Amino acid sequence: MFHERNGLPGEIVDLNQLQTAPQSVGRPVILPAVTYRVVVAASGRGSNLLALGDALAGSHEAKIVAVLSDRDALVLEAARRRQWPTVRLLNPADPLEMATALRACRADLLVLAGYLRLIPGEVVAEWRGRIINIHPALLPRHGGAGMYGRRVHAAVLAAGDRVSGATVHLVDEAFDRGEILAQGTVPVLPADSPDDLAARVLDVEHRLLPAAVLAAAKHGSPVAFTFD
Ligand code: GRF
């Protein structure tokens, strides 16, 4: 993988050589610049955003460059506290508004972390293969329009499922339908309420989403991976 070298725009360096080359005394160590730029879109409180930020802190591989929301959500306040630039979309159905924000951020990856709107088709087309979503169930079960938050966990319990979990998948034109990249599972216990199950799944989400972003950064684009 080739990256721009710090301080020398336009120069490229082979990361594999950088990591294996013996360092000679007196020569500055040149670290590769962060090149994988992650934009997070969310509509809620933003615990997945914060877990991702914690996992990427100090990382040379990826960083959060902006946080978008379709509403005045708590996630925007959380983002400001971490000094991440925020964008409050005025019309989330407008492809130009979202595309302009992503281009301005020079986004490599758009992560949907509890984002409750459909991504406009034009944006999906321009960023196809570079948008991922995290869903709090084992897709293809319990996904689709209207399946978010507590409703998902209530549906899992109503179906009598013995296992649930979280899914990271590519985003296409429909809710929760794109190619599955990885899943993490949790048991469903007989006495679970939807909130009990949500808490157990959320813990997995907080590990699965960073793993997906780091895998994408290493690979150069979102990629399927195994998660335990
Ligand atoms: C998570 O369960 C996520 O999987 C779903 O929405 C919820 C967002 O939670 N898509 P938070 O705002 O990250 O705490």
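This report describes the fold of a predicted model, moving from the whole chain to its sheet, its packed helices and three individual residues.

**Overall composition**

The chain has 228 residues, of which 46% count as buried, and its secondary structure comes to 7 helices and 9 strands. Among the contacts with a separation of 6 or more, 63% are made by residues 24 or more positions apart.

**The sheet**

An open sheet is formed by 7 strands, whose order is E5-E4-E3-E6-E7-E8-E9 and whose pairing is mixed. Strand E5, residues 86-88, and strand E9 are the edge strands, since each of them pairs on one side only. From one strand to the next, the twist averages 20 degrees.

The mixed character of the pairing can be followed through individual strand pairs. Strands E3 and E4 pair in the parallel sense, over 6 bridges, and within this pair valine 38 has isoleucine 64 of E4 as its bridge partner. Strand E7, residues 131-135, and strand E8, residues 163-170, run antiparallel and are joined by 4 bridges. Strands E8 and E9 also run antiparallel, with 7 bridges between them. The table gathers bridge partners from these pairs.

| Residue | Partner | Strand of partner |
|---|---|---|
| Valine 38 | Isoleucine 64 | E4 |
| Isoleucine 132 | Leucine 170 | E8 |
| Histidine 135 | Threonine 167 | E8 |
| Valine 168 | Alanine 182 | E9 |

Burial can also be described for two of these strands. In E4, 7 of the 8 residues are buried, and the strand is thus mostly covered; E8 is likewise mostly covered, with 7 of its 8 residues buried. As a general point, the side chains of a regular strand alternate between the two faces of the sheet.

**Helices against the sheet**

Helix H3, residues 74-81, packs on the sheet, where it touches strand E4 (62-69) and E5, and its direction makes about 145 degrees with that of E4. Helix H4, residues 95-104, lies across E3, E4, E5 and strand E6 (109-112), and runs at about 155 degrees to E4.

Why is helix H2 described as largely enclosed by the rest of the structure? Helix H2 spans residues 47-56, and 7 of its 10 residues are buried, so the helix is largely enclosed. The buried residues are Ser47, Asn48, Leu49, Ala51, Leu52, Gly53 and Leu56, and they pack against E3, E4, H3, E7 and H7. H2 is followed by glycine 58, whose phi is positive, near 80 degrees.

**Three buried residues**

Arginine 37 is placed in strand E3, which covers residues 36-41. This arginine is buried yet has no salt bridge, and the nearest side chain of opposite charge, that of aspartate 108, is 5.5 Å away. A salt bridge requires a side-chain nitrogen of Lys or Arg within 4 Å of a carboxyl oxygen of Asp or Glu, and the 5.5 Å to aspartate 108 therefore does not qualify. The side chain of arginine 37 does, however, reach the backbone oxygen of arginine 106, at 3.3 Å. Not counting residues up to four places away in sequence, arginine 37 touches Lys63, Val65, Cys105, Arg106, Ala107, Asp108 and Leu109.

Asparagine 133 is found in strand E7. Its relative accessibility is 8%, and asparagine 133 therefore counts as buried. The side chains of asparagine 133 and aspartate 176 are joined by a polar contact of 3.3 Å. Beyond residues up to four places away in sequence, asparagine 133 touches Leu112, Thr167, Val168, His169, Val171 and Asp176.

Valine 188 lies in the loop that runs between strand E9 (180-187) and helix H7 (194-219). Is this loop residue buried or exposed? With a relative accessible area of 12%, valine 188 is buried. Although valine 188 and arginine 162 are 26 residues apart in sequence, their C-alpha atoms are 5.0 Å apart in space. Leaving aside neighbours within four places in sequence, the contacts of valine 188 are with Val156, Leu157, Asp161, Arg162, Val163, Ser164, Leu197 and Arg200.

Terms used
Residues numbered from 1 in each chain as written. Predicted model: local features only at pLDDT ≥ 70, side-chain atom pairs only at ≥ 80, totals over all residues. Heavy atoms only, no water. Helix = DSSP H or I, 4+ residues; strand = E, 2+ residues; numbered from the N terminus. Buried < 20%, exposed > 50% of the residue type's maximum accessible area, 1.4 Å probe, protein only. Lys, Arg positive; Asp, Glu negative; His and termini not counted. Polar contact = N/O pair within 3.5 Å; in protein donor to acceptor, adjacent residues only side chain to side chain. Contact = heavy atoms within 4.5 Å. Pairing = 2+ DSSP bridges. Axes fitted to C-alpha atoms, helices over the stretch in contact; angles between N-to-C directions.
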